[in-house]
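This briefing is about contacts between side chains, with a short note on a pocket. Look at the sequence and the structure first, then read the points below.

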Amino acid sequence: MSGEGKVVCVTGASGYIASWLVKLLLLRGYTVHAALRSPHEKTKTEHLRELEGAKERLHLFKANLLEEGSFDAAISGCHAVFHTASPVIFDIHDPQADVLDPAIKGTLNVLASCTKSPSVTRVILTSSVAAVIHSERPRAPHVVVDETWFSDPDFCKKKTKWYALSKTLAEEAAWKFAKENNIDMVSINPGLALGPMLQATLNESVATISNFINGAKTYANVTFTWVDVKDVAIAHILALEVPSAQGRYCIVETVAHMSQIVEMLRQLYPSITLPNKCAADDNPLEATFQISKEKSEGLGIEYTPIKVSLQETVENLKEKGFISL
């Protein structure tokens with residue numbers, strides 16, 4: 001097992017992507033320091049404590065994104081740090097408090113703690129495709145987006161895309177800090193993740209699917225980038241274990257409009273009543289585009305087809321009681 005004898009830290013370890021990351025790290029033999037805001041809250045940690053290898057090699061630490069130095073203990077002595085903690089909220093009321101401060105200040109606090117631990121050899125930042133695609137650059141079916149694209153903060157503000165703004169500014173701040181402090185950092189920029197949840201609570205990306213099944217009358221006029229949650233977790237591990245990994249990696253299996261996702265669900269589950277019209281009925285559908293897989297496949301990613309991820313999502317939602325079929 002490639003992680004045997006190595007200690008790594010995962011921030012925000014109870015989250016959707018982070019939980020899968022912790023699971024796969026433990027299976028590879030790593031000892032994991034899980035940094036959490038509420039490590040003693042059973043509903044937040046039970047799914048982690050039940051993982052194979054957790055009893056022997058999982059250690060929980062209390063840490064808060066907005067408290068300077070609160071990640072010091074979790075990161076001390078670690079070989080690498082996976083910074084996944086950041087709010088994933090789409091219904092935002094106070095952009096500064098809800099997403100901007102935790103994402104930006106939190107990232108800088110984690111990186112500052114990394115500088116205090118000489119054992120840290122690499123930091124893997126969980127960014128997002130949201131930090132890649134939002135700008136004045138046109139997107140169309142023939143356009144291929146790659147890792148050289150960066151979202152424009154002014155464009156995000158103008159369009160009130162607060163989550164995208166938070167990820168864009170956090171990644172910008174991270175690259176600047178990493179360069180100034182000689183930190184070897186790699187950024188993982190995933191699309192909207194689907195697939196089974198390990199945690200007990202419903203997360204934002206999977207909720208898009210449960211909402212369709214639970215009686216939504218329409219689907220949004222929006223095109224998303226989609227990827228399997230397990231592929232995202234594997235990408236993080238490869239970003240650590242492949243010595244030549246560097247820069248940013250867009251982790252996206254497919255780009256699809258919501259109408260296409262609904263149609264895939266209809267094919268998989270013909271008996272389910274699903275929305276059959278777009279919320280923006282009078283407007284043309286938002287354009288799809290392409291995202292280059294060249295760099296991510298070079299890292300070693302083998303993508304799970306989105307239809308498989310969708311089916312696993314639905315079966316997991318059913319198993320956890322979020323939907324009934």
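Arg139 and Glu286 form a salt bridge, with their closest N and O atoms 3.8 Å apart. Arg139 lies in the loop between strand 5 and strand 6 (144-145), and Glu286 in the loop between strand 13 (277-278) and strand 14 (290-291), so this pair ties together parts that are 147 residues apart in sequence. The model is predicted: local features need pLDDT of at least 70, side-chain atom pairs count only at pLDDT 80 or more, and totals for chains, interfaces and linings use all residues. Residues are numbered from 1 along each chain as its sequence is written, and side-chain values use heavy atoms, with hydrogens and water left out.

**Salt bridges**

- A salt bridge is a side-chain nitrogen of Lys or Arg within 4 Å of a carboxyl oxygen of Asp or Glu, and the structure holds 13 of them.
- Side chains of opposite charge can pair when their charged atoms come close.
- Arg139 is partly exposed at 23% relative accessible area, and Glu286 is partly exposed at 31% (buried means under 20%, exposed over 50%, partly exposed in between, with a 1.4 Å probe and protein chains only).
- Arg248 and Glu171 meet in a salt bridge at 2.6 Å, N to O.
- Because Arg248 lies in strand 11 (residues 247-251) and Glu171 in helix 7 (residues 162-180), the pair ties together parts 77 residues apart in sequence (helices are DSSP runs of H or I with at least four residues, strands runs of E with at least two, numbered from the N terminus).
- Both Arg248 and Glu171 are buried.
- Asp228, Lys230 and Glu312 are joined into one network by salt bridges that share partners.

**Aromatic rings**

- The structure holds 1 aromatic pair (rings of Phe, Tyr and Trp, the last by its six-membered ring, with centres within 6.5 Å).
- Phe224 and Trp226 form this pair, which is edge-to-face at 5.7 Å centre to centre and 85° between the planes (under 30 degrees is stacked, over 60 edge-to-face, the rest tilted).
- Phe224 is partly exposed at 26% relative accessible area, whereas Trp226 is buried at 0%.
- The charged end of Arg137 sits over the ring of Trp149, 3.9 Å from its centre (NZ of Lys or CZ of Arg must be within 6 Å of the ring centre and within 35 degrees of the ring normal).
- Lys295 lies over the face of Tyr249, 4.3 Å from the ring centre.
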